Each structure stands twice: as C-alpha cells, then as structure tokens.
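Biologist: Thanks for sitting down with me. Could you show me the model and walk me through the places where something binds or where space is left?

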Amino acid sequence: MTDTPVPLLEFRDLRKSYEATEAVAGVSLTIPQGEFVALVGASGSGKSTLLKTVNRLVEPTSGQVRFEDDNVESLPLAALRHKIGYVFQSVGLFPHMTVGENVAIGPRLVGERLSAERIGELLELVDLEPDMAARLPDELSGGQRQRVGVARALANEPQLLLMDEPFGALDPITRDALGDRVRALHAEFGLTTVMVTHDMAEALLLADRVLVMDAGTVVADETPHSLLAGAGGEIAQGLVAVPRAQADRLAELAR
Ligand code: ADP
Ligand code: MG
C-alpha cells in the first residue's frame with residue numbers, strides 16, 4: 001500500500017448522444033483506487049449512461065474511459081467485466097435460475113465454477129443464510145433480492161463496484177442496513193465504488209465524494225463535508241436542502 005492514491009478510473013471528455021439527446025455532455029474526472037463515490041442527480045441527468053460506459057454497456061460517442069490507465073475499448077470485454085462488479089438498477093436476477101446460480105453467473109461466464117461453499121460465503125457477506133442458494137428469486141423479498149444482486153457483483157472479486165440505484169425500491173430500514181453493509185464490504189475488500197443514487201441524503205451518509213450531474217455534465221464534485229458547508233453551487237445545494245430541511249424539522253419536533 002502506498003499513500004498516493006492510484007487513479008483506477010478516468011473519464012476523458014466523455015460524451016454520449018442519442019439522436020438529439022446529449023445524455024453525457026463532456027465529463028472529465030479521475031477516481032482514485034479505494035474511493036467511494038456517489039453519483040447524484042435528477043432523473044434523466046445522465047447518471048446511468050455515464051456508469052454504463054465503464055463496463056461498456058454503453059459505447060461513447062466521443063472521449064474515453066480509462067481503467068487502470070487503459071482505454072476500456074482496448075481491453076477484452078470479458079477481462080474488463082471480470083474486474084468490475086455491477087449491481088443493476090432493476091436487480092436483474094434471472095428468474096428461472098436459483099439464487100446460487102445467479103450468484104455464480106459471473107465466474108461461470110469465464111469458465112469458473114463456484115463451489116457451494118463459496119456461494120454460501122458470498123451470501124453470508126450480504127447477511128443472507130447460505131441455504132437461500134436453493135431458492136428462486138421469486139421466493140425472496142425485495143431487500144433479499146437486492147442483497148443477492150450485491151453478492152453476485154462480488155463473486156468475481158472485482159476491483160471496482162458499480163451500483164445503479166441499488167437500494168431505490170427498498171423500505172428505509174432495509175435500505176439503511178444494506179447501505180451500511182455495502183460500505184463495510186467496500187472497506188473490507190479495498191474496493192473502489194461508484195454508486196448512482198437520486199437520494200442526496202444517502203450520498204452524503206455513505207460516500208467519500210459526491211458528484212452531482214445535471215443535463216449530462218458534472219456540476220459539482222465535493223466531499224459530503226464541503227457540500228454540507230455550502231459548496232458545490234446552486235444545483236448541488238438544491239439537492240442538499242431537501243434532507244437538511246427534513247433534519248431541521250425533525251430536530252424541531254423533538255424539542
Ligand atoms: P439517469 O440515469 O440520470 O436517470 P440516463 O443516463 O438514464 O439518466 O438518461 C440520460 C438521458 O439519455 C435521458 O434523456 C434519457 O432519456 C436518454 N437515454 C438514455 N438511454 C437511452 C437510450 N438507450 N436511447 C435513447 N435515449 C436514451
Ligand atoms: Mg438511471
């Protein structure tokens with residue numbers, strides 16, 4: 001380990017257009033190894049599109065994404081995706097496969113078979129019982145399915161974890177618990193994590209760094225601390241104002 005952070009990920013003037021829509025309109029930034037980054041912004045601001053250029057689910061119109069200083073387009077797709085865990089916005093478990101088969105799908109794509117023991121370990125990482133491996137996704141709660149999605153993303157022992165609104169559909173208690181679990185796993189495995197969320201409170205509470213997107217560009221790049229101190233500009237402060245006003249009202253009620 002060195003003290004100097006190694007940039008794991010870099011966007012260089014990245015752009016992606018869909019006909020008239022410029023979904024990503026020139027993003028340049030670096031993400032050092034070990035950082036937990038939240039990508040926040042209104043619906044349609046380009047968060048998912050930006051995230052998907054990293055594992056090449058979206059091909060940029062211009063610019064590039066670099067992973068460990070290689071243009072991702074120059075890397076074999078399977079090798080790239082092997083290093084990246086991805087938690088889908090819609091969970092995306094295969095309904096006809098058991099939980100265990102879902103967790104093992106990433107390694108299987110590169111010809112590796114996970115043992116039942118390893119699948120059990122992965123489930124335990126996200127606080128699920130190993131014997132859940134035999135169930136079908138249908139037989140789980142929404143929170144349990146999201147946990148399986150996280151276990152699946154960790155199965156390849158990735159360097160980078162990408163999550164697209166992973167907790168969006170969960171009740172607040174489950175959401176909080178799973179957020180804390182993911183943050184602990186991030187530390188335990190020395191991951192670099194990029195989490196898309198539309199919830200500024202979640203971003204402030206979990207991340208080391210918050211990127212705010214608006215109309216395809218990153219309009220603020222701040223620590224939670226500096227956002228709470230008023231930095232980041234009007235759009236960022238508009239998002240911070242929501243949880244702050246709620247916290248103030250709760251404090252008022254508790255008096
Ligand atoms: P977010 O994740 O922040 O909600 P997206 O990245 O999904 O935003 O979308 C950004 C913009 O790009 C939106 O205007 C959306 O309609 C458009 N867009 C995203 N994906 C596609 C696609 N496959 N085809 C056409 N337009 C798209
Ligand atoms: Mg999205």
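Modeller: Gladly. A word to begin with: helices, of at least four residues, and strands, of at least two, are DSSP runs numbered from the N terminus. Please keep in mind that this is a predicted model.

Biologist: Which elements each supply at least two residues of the lining of the largest pocket, and which gives the largest share?

Modeller: The elements that each supply at least two lining residues are α2 (77-82), β6 (84-87), α4 (105-109) and α6 (142-154). Among the contributors, the largest share is 4 residues, and the element that gives it is α2.

Biologist: How much space lies in the largest pocket, and which residues are closest to its centre?

Modeller: The space in the largest pocket comes to about 510 Å³. Its lining divides into 11 nonpolar, 6 polar and 2 charged residues. Of the 19 lining residues, those closest to the centre are R81, Y86, F88, G106 and L109.

Biologist: Let's turn to the ligand. Which residues are around ligand 1?

Modeller: By class, the shell holds 3 nonpolar, 7 polar and 1 charged residue. By name, the residues around ligand 1 are Y18, T21, A23, A42, S43, G44, S45, G46, K47, S48 and T49.

Biologist: How far is an oxygen atom of ligand 1 from an N or O atom in the side chain of T49?

Modeller: Let me set T49 beside two other contacts. A polar backbone atom of G46 lies 3.1 Å from a ligand oxygen, and an N or O atom in the side chain of K47 lies 2.8 Å from one. For the side chain of T49, the distance is 2.5 Å.

Biologist: What percentage of the area of ligand 1 does the protein bury, and which element gives the most to the shell?

Modeller: Taken alone, ligand 1 exposes 560 Å², and the protein buries 58% of that. Two elements give two or more residues to the shell, namely β2 (21-32) and α1 (47-54). With 3 residues, the one that gives the most is α1.

Biologist: Why is α1 described as largely enclosed by the rest of the structure?

Modeller: Buried here means under 20% relative accessible area. In α1, the residues that meet this are K47, S48, T49, L50, L51, T53 and V54. The helix is largely enclosed because 7 of its 8 residues are buried.

Biologist: How many cavities of 30 Å³ or more does a search of the whole structure find, and what lines the largest cavity?

Modeller: The search finds 1 cavity of 30 Å³ or more, and the largest cavity has a volume of about 50 Å³. Its lining is 11 nonpolar residues, with no polar and no charged ones. They are L9, F11, L29, I31, L39, L50, L51, V54, L162, V194 and L211.

Biologist: Which element supplies the largest share of that cavity lining?

Modeller: Three elements give two or more residues to the lining: β1 (7-18), β2 and α1. The largest share is 3 residues, and it comes from α1.

Biologist: One last point, on the backbone. Where is A215 found, and is it buried or exposed?

Modeller: A215 has a positive phi, near 45°, in a residue other than glycine. It is found in the loop between β9 (209-214) and β10 (217-222). At 54% relative accessibility, A215 counts as exposed.

Biologist: And in which loop is D127 found?

Modeller: D127 is another residue other than glycine with a positive phi, near 60°. Its place is the loop between α5 (116-125) and α6.

Technical notes:
Residues are numbered from 1 along each chain as its sequence is written. Chains are lettered from A and ligands numbered from 1 in the order in which they are written. This is a predicted model: local features need pLDDT of at least 70, side-chain atom pairs count only at pLDDT 80 or more; totals for chains, interfaces and linings use all residues. Side-chain values use heavy atoms; hydrogens and water are left out. A residue is near a molecule or strand if one of its heavy atoms lies within 4 Å of it. A polar contact is a pair of N or O atoms within 3.5 Å; within protein, one must be able to donate a hydrogen and the other to accept it, and residues adjacent in sequence count only if both atoms are side-chain atoms. Accessible areas come from the Shrake-Rupley method with a 1.4 Å probe; for residues, only the protein chains shown count as cover. Ala, Val, Leu, Ile, Met, Phe, Trp, Tyr, Cys and Pro count as nonpolar, Asp, Glu, Lys and Arg as charged, and the others, Gly among them, as polar. On a 1 Å grid over the protein atoms alone, a cavity is a set of points where a 1.4 Å probe fits but cannot get out, and a pocket is an open set with protein on both sides within 12 Å along at least five of seven lines; lining residues have an atom within 4 Å of a point. Grid points are joined across faces, edges and corners, and a volume is the space filled by probe spheres set on the points. Buried means under 20% relative accessible area, exposed over 50%, partly exposed in between (1.4 Å probe, protein chains only).
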